[in-house]
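Q: Please take a close look at one part of this protein for me, starting from a single residue. I am new to the structure, so I would also like to know how that part sits within the rest.

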Amino acid sequence: MTSTTEDQAVKFPPLFSKKFNITSIKQDILKWDKDWEAAIASLTAADVLKEISYLLDDSFLTPGDLKSLHLDLRIVQEGAARSLRKFLRGGRFNTIWLLLGASEQRRHILQGLEKASEAPSTLLGQDTRALCPDVTVSNFLTEGGKGFIGFLTRFLEVLDSSDPAFLPNSWWEQASELPNSWWKQTSNDASRQRPEGTKMVFEVATICRNKFIGVFLLASFESILRDIIHRSVGMKDVLNIVDNTGADFAHSLAQAKTTLRDKPLVRCENCTKTPEDIGKGVRFMVCSTCKTKLKFQVHYCSQSCQKEDWPFHKKACGKKEVSKGLSGTKDDDLWQFSGGQMGPIADMMRNLPTNRDGTVDIANVGVGPCKGRRSPAAERQAEMLEADKDADYFLFTASDVPVRFVIDDPGAKMVFRINRRMIMTQTADSGLEPMAEYMLKHMSGFPGLSRDIIFKQLCAEYGNNTTRKVVEWERKSRERGVSTGTVIGSLSKDFMKVFGHTFSK
């Protein structure tokens, strides 16, 4: 081979992109990616190498050419690794990525795929995607984006531990073990001659695959960093969360977000069971009238359930898009939060009072019934709060005179009351520390109150270890450099921007 790698890219005609009639990337990048994911799903490693073997054989490359390809691959990989190591250190990048919405994550991944597919040094161009079944948007968006973080980590591990650094993939590795009989299959095709350089073809294809991955990672990473530096529209709210709450809390939010559902559940409108609850092979029915007239789906697991639900459904059938909004379904505003780490909080939020427009009525967020058993002091607090809806909390002086604590800022009031409800209903093992931190910050200097007096009250309400937990929480807040001095103050404007819910005063 006497031409350069850039020249070679021009020589190779399209293979898989032509075979599968892949949409032009310039015409519609989302359709382009969807076409490729479908093509990749239908291909085997044998299919891919069989096609490539008609373009490459051992006469095409000299040992010197192969050495140059390896060197070029290493340069690309080390360039990508330098950027990754620099910004992955400390976990800030991971937190930012996981807090991004799925549409923003998809955009950055597609940027990387586009750049890698069009890079002049990519030997097979976009056809290289056929060699990379693990490099797909679907894989990288799993668990709220954890798939992408895991791939970055594996890339660096392989680069540090092997030379040449070939990223392993079980699908692709099948090709390295293909027996000679596989290659002999091509001899039955009179129009095509079987190449002899089996090992060489696999090696070149593997270099192409790993170079594509290196270019993709570098381009994706640059796209994300560009948005971070310029605080783009899609990145701004996430950066506000990270900057205002610090590493630990932002990381916790990011991890919680990865437990969100990718898509809503399907439940029987009558018995509320899911297909998984019933067993394999079950196919749910939908109300045909609602589907035809309204393009709206109401699901049933059986005709008997549909019949049993008819007295409730018939009033709206074919007239209005009405369902029971069952937990986790598309008509449940909190379907993403159902199950997993966020499940108990989602269950609690479903019971919050709402306005006609669906926003949560913060002014009427009360204490709620306790799932366990409150202390006498906490029970007293709950009764006073239920009797005075405007008060956010009651603190008591040393002589037991109540002091009404009322928060004016609607964002802080929302976050405070959500935490208050969690700790007082014992919905989740959280809420006390940020709530206490906020009251200590704003009320320790109030006449008749002090830190010691407030701590004594909180210990009576929530246990003797309250002081230790809150002091530790305050210490971590200082270390994180929380800009407002309290986590609730920091979260008041930015938290729900990330999780997509609105609240009214």
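A: Let's start at Val415, which lies in helix H20, the stretch of residues 410-425. Keep in mind as we go that this is a predicted model. Val415 has a relative accessibility of 6%, so it counts as buried, the limit for that word being under 20%. Along the chain, Val415 and Ser490 stand 75 residues apart, yet their C-alpha atoms are 10.0 Å apart in space.

That kind of long link fits the wider picture. Among contacts in the protein with a separation of 6 or more, 70% join residues 24 or more positions apart. The protein as a whole has 505 residues, and 50% of them are buried. Its secondary structure consists of 25 helices and six strands. On the outside, the protein exposes about 25200 Å², and carbon and sulfur atoms supply 51% of that area.

Now for the inside. In soluble globular proteins, nonpolar side chains tend to be buried together. Here the largest nonpolar core has 72 residues, and the members that touch the most others are Trp97, Leu113, Leu131, Phe155, Phe216 and Leu217. Helix H12, covering residues 198-230, gives the most to this core, with 16 residues. There is also a second, separate core of 34 residues, whose members include Ala391, Leu395, Met422 and Leu440.

Trp97 from that first list deserves a slower look, as it takes us to the aromatic rings. The structure holds eleven aromatic pairs. In one of them, Trp97 and Phe148 are tilted towards each other, with 4.7 Å from centre to centre and 45° between the planes. This pair ties together distant parts of the chain: Trp97 belongs to helix H6 (residues 92-99) and Phe148 to helix H9 (residues 146-161), 51 residues apart. Trp97 has 1% relative accessibility, so it counts as buried. Phe148 counts as buried too, because its relative accessibility is 0%. Phe148 has another ring partner in Phe140, and this pair is edge-to-face, with centres 5.4 Å apart and planes at 75°. Phe140, like Phe148, is buried. Step back a little and these rings belong to one aromatic cluster, made of Trp97, Phe140, Phe148, Phe151 and Phe216.

Just before H6 in the chain comes a loop worth pausing at. Gly91 has its place in the loop between H5 and H6. With a relative accessible area of 24%, Gly91 is partly exposed. Its C-alpha is separated by 8.2 Å from that of His251, although the two are 160 residues apart along the chain. H5 is also followed by Gly90, whose phi is positive, near 95°.

Helix H5 itself runs over residues 63-88, 26 residues in all, and reaches 37 Å from its first C-alpha to its last, close to the expected 38 Å. Several of its residues are buried, among them Asp65, Leu66, Leu69, Leu73, Val76 and Leu88.

Following the chain onwards from H6, we come to Glu114, in helix H7 (residues 102-118). Glu114 shows 16% relative accessibility and therefore counts as buried. Beyond its neighbours within four places in sequence, Glu114 is in contact with Ile25, Lys26, Ile29 and Trp32. With Trp32, the C-alpha to C-alpha distance is 9.8 Å, across 82 residues of sequence.

To finish, here is a helix with a clear inner and outer side. An α-helix has 3.6 residues a turn, so residues three or four places apart point the same way. In helix H17 (residues 303-313), the buried residues are Cys305, Asp309 and His313. Viewed down the axis of H17, these buried residues fall within an arc of 70°, so they line one face of the helix. They pack against helix H16 (288-294) and strand E2 (299-300). Gln303, Ser304, Lys307 and Glu308 are exposed on the other side of H17.

Terms used:
Residues are numbered from 1 along each chain as its sequence is written. This is a predicted model: local features need pLDDT of at least 70, side-chain atom pairs count only at pLDDT 80 or more; totals for chains, interfaces and linings use all residues. Side-chain values use heavy atoms; hydrogens and water are left out. A nonpolar core is a set of buried Ala, Val, Leu, Ile, Met, Phe, Trp, Tyr and Cys residues joined through side-chain atoms within 4.5 Å. Buried means under 20% relative accessible area, exposed over 50%, partly exposed in between (1.4 Å probe, protein chains only). Helices (H or I, at least four residues) and strands (E, at least two) are DSSP runs, numbered from the N terminus. Contact means heavy atoms within 4.5 Å. Accessible areas come from the Shrake-Rupley method with a 1.4 Å probe; for residues, only the protein chains shown count as cover. The expected span of a helix is 1.5 Å times one less than its number of residues. The arc is that of the directions from the helix axis to the C-beta atoms. Rings of Phe, Tyr and Trp (its six-membered ring) pair if their centres lie within 6.5 Å; planes under 30 degrees apart count as stacked, over 60 as edge-to-face and the rest as tilted.
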